[in-house]
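Here's a quick briefing on charged pairs and one glycine. Have a look at the model first, then we'll walk through it.

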Amino acid sequence: MLAALKNLVRTMQPRSLAGRAVLFTAVLMTVTALLSASIVLAGADHEAERQELAITHDLTEHLASRVGEAMARDATQYLPYSIASAATRDEVRSISIIDADGRILAQSDGADVDSPLIHRLTQEAMSAGRTVYSRERDGALAVAAPVIREGHALAAVVRIWEQGAYRFDLVPSLAPFLMLLACLALAAIPLSAHLVRRAVAPLGELARHAERIGEQGQSTPLALQTGDEFETLAKAFNNMTARLDASMRQVQEIAFVDPATRMPNQDRFAREIDFFILRNNASSGAVVVFEMQRLSKLMQTLDPDAARDFLRVVAERFSSAVRTVDRIVRRGQGARGPVAARLGATEFGVFSPELSQSDAARFAQHLNAALNQPFDWRGHKLTLGACCGVAMTPRDGGDADTVIRHARMALSAAHSAPARVKFYTQSLDREAVARINLEREMRGAIERNEFRAYFQPKVNLVTGRIEACEALARWVRPDRTIISPGRFIPVAEESGLIGPLSDAILREACWKAAAWARAGHPAKVAVNVSALQFRSDRFAENVLRVVQHAGLAPDHLELEITESMMMEDPDRALRVIQPLREAGIRLAIDDFGCGHSSLGALSKLPFDVIKIDQQFVRALERGDAHAAGIIDMILALSRTLDMEVVAEGVERKQEMEFMAVRGCHWVQGFLYGAAVSAPEFAELLRRQSGEDIEAGDAA
Ligand code: C2E
Ligand code: MG
Ligand code: MG
């Protein structure tokens, strides 16, 4: 029943909880009223039937006894009177006195003597010897009582009106009660509706509040002072939403704020751009990505607290320069301000909406200049070497990811751009694709062993003989075309392929040098070390293993390391090279003069050889007096530090003589030949030995 009620309420679909409660109560009360009324009526019916039967029984038995007595006294002539007086009662329909053969001895008006029921009932009463009754089809009750006197069998049958004849008597007593109940039920519906509505009103408020939070995300606390469970519920609700708010703020902070600088991070930056593009897809905006090249090295040398502090100073400089946008360029009234963000460890970005390309150029240059101003920090003057790439939206990208990617592409080209500011162009895209293709080809080439060591002779200026060489990587394609390192080294460094590539060259150089020595034409071999190889903790171990496997005398291997690799972390560099030195491997500083090492730092580093960078030799060719001075100074320094000097890029006899006169030990350059393949270099050595023998024989 309850389930049916619930279903009824559900099908009527009242919207609010209060509405449902009201409807449910109303239906419940109506049903209760109906039920109780039917129970009362059913009870009344039952009672009426019981009374009806009892009265009819009594009356019939009374009549039967009167009939009996009359027969006993032989005074049956009085029977019609007795019957007539009994039949005057309201409820009596008819009375009949019937003998065993079914003959009517006496009867009241309206008696139906032919009724089969009456006959059946009289037979039953007479054979059973007791009073029997039966309900007729029309609801009338017939009662038959047997009368047996001195061999005569008779029966008195009384029929009374159908059930309900007494109802009139019963209903008047129950009617007021039922009426009252019905009135109460009717009155209770609006009353209970009102009460329920009042009772659940706070719940409604709570529901509306929750709805508002869902729609608007706001959560002003809900003030409910009902002093009951609703107030407790509201307080719990307020606490919950306050905690949720706090968690949301934390999540937003973690997701969108750079913790070190408190600036928006890349995700937030991208959202701002996407938001602008969506709203103003026609107007242009500029995305500028900055990189501070020296920042990462600087951060590595500082302790974490100092690094964070310096980063904050940089971020502050950047943000305040960004805020001056309206002094640098003219923008429309009410144009949204630029958004500055930290995009990576050494990368910052700014998005300026509503900016033309020429204004974007001015703005980017202004910011770049601001970042390139030296920072006065804790008594140091620090410069960061900033450069930037610019991409315009919507021209260079219809979404944040694309436009940022294009600005980054421009940034990688900005390192070599005149003002270190570069705009994105489609040709950059093509170059990037070419680089990716080259990288893919290189991976295959490493597997196919296409990177080979070529050997450039190094001549000892005292003996005038080729006594050493430098191994230089060459990519020998299957079609025999040869690609120089200038094309593939930058890609190899960027992609990390430089590690396996340099390892392969080191192995080949060691094996070839060992073979020449075994053939009786020894030559020292110098191998270039990549920054990536040098950073590996197993670098020295690897080199020693290769030398040992190749069977090369350790002092026949020279490792060329650049100044910048040593200066990245001088203490670590010393630890790395120590086992190599102990094994007898020689160490050379390559491209000396290009880096930033101080002479003081140099004196502490245990090198055997300095290689004068070819730019000084080139300058010498041009008659640059400074170059001569610098070379003199390097040679003087080498004598003091007991180091040998190699002059690189010697192309003419004059420079060779310049070096020889000043006590330079070795020269290397096109004057003696470019790098050649291993068999060609072996041939050079063989020829030189043959000449020596011939010269000896001649002597
Ligand atoms: P590097 O170590 O300074 O090598 C000397 C470069 O100068 C070589 O260029 C050489 O061919 C070139 N050179 C030698 N003599 C002359 C000359 O008289 N005139 C001119 N104009 N150039 C001369 P290459 O082979 O193109 O190599 C360029 C750079 O690539 C090398 O500079 C070195 O830093 C790097 N590299 C080459 N091979 C390897 C390698 O196996 N591993 C690593 N990590 N780097 C390598
Ligand atoms: Mg070199
Ligand atoms: Mg060099």
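Glu621 has a relative accessible area of 25%, so it's partly exposed. Keep in mind that this is a predicted model. Glu621 makes a handy way into the salt bridges, which come to 33 by the rule used here.

**A pair within one helix**
- Glu621 and Arg618 join up through their side chains in a salt bridge, at 3.7 Å from N to O.
- Both residues sit in helix α21 (residues 614-621), and they're 3 residues apart, about one turn of the helix.
- Arg618 comes in at 24% relative accessible area, so this partner is partly exposed too.

**A pair between distant parts of the chain**
- The Arg662 and Asp632 side chains form a salt bridge as well, with an N to O distance of 2.7 Å.
- This one links distant parts of the chain, 30 residues apart: Asp632 belongs to helix α22 (residues 625-641), while Arg662 is in the loop between α23 (653-661) and β21 (666-668).
- Arg662 counts as partly exposed because its relative accessible area is 27%.
- Asp632 has a relative accessibility of 33%, so it also gets the partly exposed label.

**A buried pair**
- Arg342 and Asp258 meet through their side chains in a salt bridge, 3.3 Å from N to O.
- Arg342 is in strand β7 (residues 339-344) and Asp258 is in the loop between α6 (229-256) and α7 (266-279), so the bridge ties together parts of the chain that are 84 residues apart in sequence.
- Are these two buried or exposed? Both Arg342 and Asp258 are buried.

**A network**
- Salt bridges also link up into a network, with Lys458, Glu558, Arg586 and Glu644 as its members.
- As general background, side chains of opposite charge can pair when their charged atoms come close.

**And a glycine**
- Where does Gly673 sit? You'll find Gly673 in the loop between β21 and α24 (678-698).
- Gly673 has a relative accessibility of 18%; buried means under 20%, so Gly673 makes the cut.
- Leaving out residues up to four places away in sequence, Gly673 touches Gln456 and Pro457.
- Phe455 is 218 residues away from Gly673 along the chain, yet their C-alpha atoms are separated by 9.6 Å.

Notes
Residues are numbered from 1 along each chain as its sequence is written. Chains are lettered from A and ligands numbered from 1 in the order in which they are written. This is a predicted model: local features need pLDDT of at least 70, side-chain atom pairs count only at pLDDT 80 or more; totals for chains, interfaces and linings use all residues. Side-chain values use heavy atoms; hydrogens and water are left out. A salt bridge is a side-chain nitrogen of Lys or Arg within 4 Å of a carboxyl oxygen of Asp or Glu. Helices (H or I, at least four residues) and strands (E, at least two) are DSSP runs, numbered from the N terminus. Buried means under 20% relative accessible area, exposed over 50%, partly exposed in between (1.4 Å probe, protein chains only). Contact means heavy atoms within 4.5 Å.
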